[in-house]
Amino acid sequence: MKKLLAGLLVMLLVLVGCGSKDSGNGDDTATGKTYKIGTAVLTHESGKDVGEDDGQFKVDTYFAHVVLDGDTIVDVYIDVAQNTVKFDATGALTSFSAAGGKGTKKELGDDYNMVTYAGAVQEWYKQMESLEEWIEGKTLQEFLDMPVFQRDDAHPSVPDVEDLKSSVTITVENYQEVVKMAVENAVEVKDVVSVGTKSITSASEEGLEMNTYISTVALNSEGKVAHVFIDTMQSKAEAVDGVITLGGNTLTKKQLGADYGMAVYNPSAVAEWDVQIGSFEEYLVGQTVAEVVAMPLADGKADVEDLKSSVTITVSPYLEIFKKAADSAEAIK
C-alpha cells in the first residue's frame with residue numbers, strides 16, 4: 001500500500017510539474033534570453049523637375065534591426081520604405097506613392113515587380129530573405145567583409161558568394177551600412193522571446209513632405225514589452241515653377257537630437273523630441289501590447305499622469321507603428 005501511495009504521489013508531482021510549464025494553449029511557455037538589440041535608419045533622397053512628366057520627390061528609407069548573442073547576429077530584419085510624391089508645374093501635388101501604394105518593399109511582395117521589369121532571379125523580398133538567412137550566424141565584420149563584385153553602375157556591390165549567386169543579385173552596400181548602424185546602436189535587453197520591426201509612411205496634403213515612422217518591439221516570456229524603439233524620418237523639399245529643391249536632411253529625429261530644434265522653436269515643449277520619445281519608450285517597457293494600445297489620449301497626446309511632465313508630443317502615430325511592429329514580432333530562433 002505504501003509503495004502504491006508513493007507511486008501515486010510521484011505521478012501527481014509529475015503532472016503538476018508538467019502543468020506549470022503549459023501556457024494554456026497547449027504550447028510550452030517560451031523562455032526568454034538576454035540579447036543585444038539595435039535598430040537603425042538610413043535615408044537617401046532625390047528629386048526630378050517637371051518636364052514632359054510631373055516632377056517627383058523620392059525618399060528611400062532603409063531600416064533594420066539586429067539581435068546579437070555576443071558578437072553573433074542571431075536575427076536580422078531589413079526593409080526599405082521607398083516613397084514618392086509627384087507634383088506639377090504649379091507646385092500642386094498630383095500623387096503620393098508609398099512603394100506602389102501598398103507599403104515597403106517587403107510588404108509589396110510580388111507586386112514590387114522586380115522580376116517583371118528588371119529580369120531579376122526572384123522578387124526583392126525573397127532576395128532579402130536569402131540575404132538575411134546568410135547573415136544570421138555571422139558577425140558584423142563577416143557581413144561587411146562579404147566578397148562582392150560590380151555588375152554595373154547601378155549594382156556596385158553584388159554578393160560574390162557561392163551560396164547566394166543564384167538567389168541574391170541586388171546590390172548590398174546600403175544594407176551593410178544600415179546593419180552596421182544597427183549593431184552600433186545595440187543595447188542589452190533581458191528576457192527576449194520575439195522581435196518585430198515595421199514602418200508606416202504618410203505624406204502631407206500640401207507641400208512636399210513625408211514622414212516615415214519606424215518601430216522595433218521586443219516581447220518577453222510574459223508577453224510584455226521588453227524593449228521598444230521608435231523614430232521618425234521627416235523628409236521635406238520645395239518646388240517652385242516646377243523646379244525642386246531638396247531639403248537636404250537625411251537624418252531622423254533621433255539622429256538629429258538637439259539639432260531637431262523643437263525645444264528652440266516650440267517654447268511649450270518640455271524637452272527635445274529625442275528626449276521625449278525616450279521617456280515614452282521607457283514608459284512602454286513592462287506593459288502588454290494591449291495595455292499600450294489602450295493608452296488614454298487627449299488630442300492625440302498621452303493622457304497619462306506619469307507622462308504629463310515629460311511627454312507633450314502627439315503620440316497617436318507612435319502607438320500605431322508600435323502595434324504594427326509588435327503584431328509582426330517573430331520568435332528568435
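Two strands count as paired when DSSP finds at least two bridges between them. With that in mind, strand E9 and strand E10 of this predicted model form a hairpin with five residues between them. In the turn of this hairpin, Gly223 has a positive phi of about 75°. Before the rest of the sheet is described, a word on confidence is useful. The protein chain has an average pLDDT of 90, and 90% of the residues score at least 70. Residues 1–28 are another matter, with pLDDT below 50. Beyond near neighbours in sequence, this stretch has six contacts in the model.

Strand E9 is a good place to begin a tour. It spans residues 208–219, and 11 of its 12 residues are buried, so the strand is largely enclosed by the rest of the structure. On one side, E9 runs antiparallel to E10 (residues 225–240), and 12 bridges join the two. Within this pairing, Val217 stands opposite Val228 in E10. E9 also pairs with strand E8 (residues 194–203), again in the antiparallel sense, over 10 bridges. Here Ala203 has Met210 of E9 as its bridge partner. E8 and E9 form a hairpin too, with four residues between them. The turn of that hairpin contains Gly207, whose phi is positive at about 85°.

These pairings belong to a wider arrangement. Five strands make up an open sheet in the order E11-E10-E9-E8-E14, with antiparallel pairing. Strand E11 (243–246) and strand E14 (330–331) are the edge strands, each pairing on one side only. The link between E8 and E14 consists of two bridges in the antiparallel sense, and Ser194 stands opposite Ala331 in E14. Helix H11, covering residues 316–327, packs on the sheet and touches E8, E9 and E10. The direction of H11 makes about 50° with that of E9. In general, the strands of a sheet pair through backbone hydrogen bonds, in either a parallel or an antiparallel way.

Attention now turns to the nonpolar cores. Nonpolar side chains tend to be buried together in soluble globular proteins. The largest nonpolar core in this model has 33 residues, and those with the most contacts inside it are Ile78, Trp124, Leu131, Ile135, Met146, Tyr175 and Val179. Two or more residues of this core come from each of strand E1 (33–48), strand E2 (55–69), E3, helix H4 (124–135), helix H5 (140–144) and helix H6 (173–184). Trp124 shows how distant parts of the sequence meet: leaving aside neighbours within four places in sequence, Trp124 is in contact with Ile78, Asp79, Val80, Lys105, Lys106, Tyr112, Met114, Ile170 and Tyr175. Apart from this core lies another, of 27 residues, among them Tyr213, Ala269, Val315 and Tyr318.

Strand E3 (residues 72–87) also holds a polar residue, Gln82. Gln82 has a relative accessible area of 16%, which is under the 20% cut-off, so this residue counts as buried. The side chain of Gln82 makes a polar contact of 3.3 Å with that of Asp60. A polar contact of 3.3 Å also joins the side chains of Gln82 and Tyr112. Tyr112 is, in addition, one of the residues in contact with Trp124.

Strand E4 (residues 93–98) includes Ser95. With a relative accessibility of 33%, Ser95 is partly exposed. Not counting residues up to four places away in sequence, Ser95 touches Thr84, Val85 and Lys86. Ser95 and Ala203 are 108 residues apart along the chain, yet their C-alpha atoms are separated by 9.8 Å. Ala203 is the residue already met as the bridge partner of Met210.

Finally, the backbone offers two points of interest. Most residues other than glycine have a negative phi. Asp191 is not a glycine, but its phi is positive at about 55°. This residue lies in strand E7 (residues 187–192) and is partly exposed, with a relative accessible area of 25%. Asp299, likewise not a glycine, also has a positive phi of about 55°. Asp299 sits in the loop between strand E12 (297–298) and strand E13 (301–302). Its relative accessibility of 79% is over the 50% cut-off, so Asp299 counts as exposed.

Terms used
Residues are numbered from 1 along each chain as its sequence is written. This is a predicted model: local features need pLDDT of at least 70, side-chain atom pairs count only at pLDDT 80 or more; totals for chains, interfaces and linings use all residues. Side-chain values use heavy atoms; hydrogens and water are left out. pLDDT is the predictor's confidence in each residue, from 0 to 100. Contact means heavy atoms within 4.5 Å. Buried means under 20% relative accessible area, exposed over 50%, partly exposed in between (1.4 Å probe, protein chains only). Axes are lines fitted to C-alpha atoms, for helices over the stretch in contact, and angles run from 0 to 180 degrees between N-to-C directions. A polar contact is a pair of N or O atoms within 3.5 Å; within protein, one must be able to donate a hydrogen and the other to accept it, and residues adjacent in sequence count only if both atoms are side-chain atoms. A nonpolar core is a set of buried Ala, Val, Leu, Ile, Met, Phe, Trp, Tyr and Cys residues joined through side-chain atoms within 4.5 Å.
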